[in-house]
Amino acid sequence: MNFQRKEEKRLKTENRIISVSGGIYTVETSDRLVQAKSRGVFRQKGIKPVTGDYVELQFEENTDPVISEVLERKNVIIRPPLANVDIMVLVVSSCEPEPNLFVLDKLTAIFESKGIETVYAFTKIDRVRAEEYAGIYENIGYKTFMIDNTTGEGSALLADYLKGKTSALIGNTGVGKSSLMNYIAPVAEHKTSEISRKLGRGRHTTREVKLYRLDGSTYIADTPGFSTVEVSKYGVIASSEVAECFREFSMYTDKCRFKDCAHIKEDSCAVRAAVKDGSIAASRHESYCKIYGEAVKKENEY
């Protein structure tokens with residue numbers, strides 16, 4: 001009941017953090033942008049307001065407003081720090097650089113654990129390779145888009161799919177994320193300049209996570225590029241929950257001989273049998289095994 005009340009309150013408030021820089025929070029209210037600080041009590045409670053949070057503000061004369069409450073979150077990503085996300089768009093190059101399927105699968109699993117929809121946008125397209133990679137994820141129910149960043153072809157379809165949602169583009173350096181952002185959110189650059197003028201600040205850098213409101217209910221975040229070694233910072237999954245984050249496993253896990261089957265090397269494992277007959281992509285199972293192994297190792301360290 002308490003969660004329901006907080007959820008209703010979150011949906012009613014119009015105060016949302018759209019960027020954070022140097023301990024200063026830029027908050028979009030119903031009629032303006034304000035710079036706010038947070039209460040020290042948040043640090044004592046281990047709470048840190050992040051971009052995407054819905055907040056309550058306390059206004060006083062002759063001072064900046066203060067964030068007095070962070071409302072119930074639907075989800076939160078550790079890095080980039082971002083809350084209340086509906087869709088994470090993985091921007092993937094099909095060539096130069098070729099995609100790292102383990103990285104894609106690990107991010108997808110993390111987002112799956114948080115109830116965030118994952119969408120794949122393939123840029124720098126080698127058509128044959130892109131369709132091969134996309135097929136892996138389309139076959140298990142994920143939405144994919146082919147984007148030509150030289151012409152913008154395909155970007156309108158993605159933009160339409162993201163309407164009414166809070167989304168974020170993520171991808172490693174060199175995959176064409178910035179070009180795609182320019183196509184699906186052309187007003188972002190204008191909004192950046194507008195925000196800078198209103199707040200008297202310089203242009204944002206790519207180190208920040210900035211949330212743009214494209215219309216009444218559509219938000220999109222541009223995030224810094226990441227390196228492979230940073231992927232674990234997006235979230236942590238317990239070893240006992242990793243299989244649940246691979247949605248195609250659900251058709252087989254109940255058919256395994258052992259209830260505590262880890263689906264790694266056990267006999268009579270229905271998941272492994274599905275990999276062998278091609279029902280589950282081998283690359284996905286390989287990623288699962290690595291993620292599961294990492295989780296077990298981390299848990300054994302404590």
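The paragraphs below follow helix H3 and the nonpolar core to which it contributes, in a model that is predicted.

Helix H3 covers residues 101-113, and its length can be checked with simple reasoning: because a helix advances 1.5 Å a residue, these 13 residues should span 18 Å, and the C-alpha atoms at the two ends are indeed 18 Å apart. At the start of the helix, the backbone nitrogen of Phe102 has a side-chain oxygen of Asn100 within 3.1 Å. Beyond the other end comes Gly115, a residue with a positive phi near 75°.

Most of H3 is covered, since eleven of its 13 residues are buried. The buried stretch includes Leu101, Phe102, Val103 and Leu104, and it also takes in Asp105, Lys106 and Thr108. Around these buried residues are packed strands S6 (76-77), S8 (87-93), S9 (117-123) and S11 (166-170), together with helices H4 (127-138) and H9 (282-300).

The largest nonpolar core has 52 residues, and Leu90, Phe111, Phe122 and Tyr137 have the most contacts inside it. Two or more residues of this core come from each of S8, H3, S9, H4, S11, strand S13 (219-222), helix H8 (270-276) and H9. Of these elements, H3 gives the most, with eight residues.

Phe122 can serve as a closer view of the surroundings: leaving aside residues up to four places away in sequence, Phe122 touches Val92, Ala130, Tyr133 and Ala134, as well as Thr144, Phe145, Met146 and Ile147. Apart from the core of Phe122 lies another core, with 17 residues, among them Val91, Val119, Leu158 and Leu180.

Notes
Residues are numbered from 1 along each chain as its sequence is written. This is a predicted model: local features need pLDDT of at least 70, side-chain atom pairs count only at pLDDT 80 or more; totals for chains, interfaces and linings use all residues. Side-chain values use heavy atoms; hydrogens and water are left out. Helices (H or I, at least four residues) and strands (E, at least two) are DSSP runs, numbered from the N terminus. The expected span of a helix is 1.5 Å times one less than its number of residues. Buried means under 20% relative accessible area, exposed over 50%, partly exposed in between (1.4 Å probe, protein chains only). Contact means heavy atoms within 4.5 Å. A polar contact is a pair of N or O atoms within 3.5 Å; within protein, one must be able to donate a hydrogen and the other to accept it, and residues adjacent in sequence count only if both atoms are side-chain atoms. A nonpolar core is a set of buried Ala, Val, Leu, Ile, Met, Phe, Trp, Tyr and Cys residues joined through side-chain atoms within 4.5 Å.
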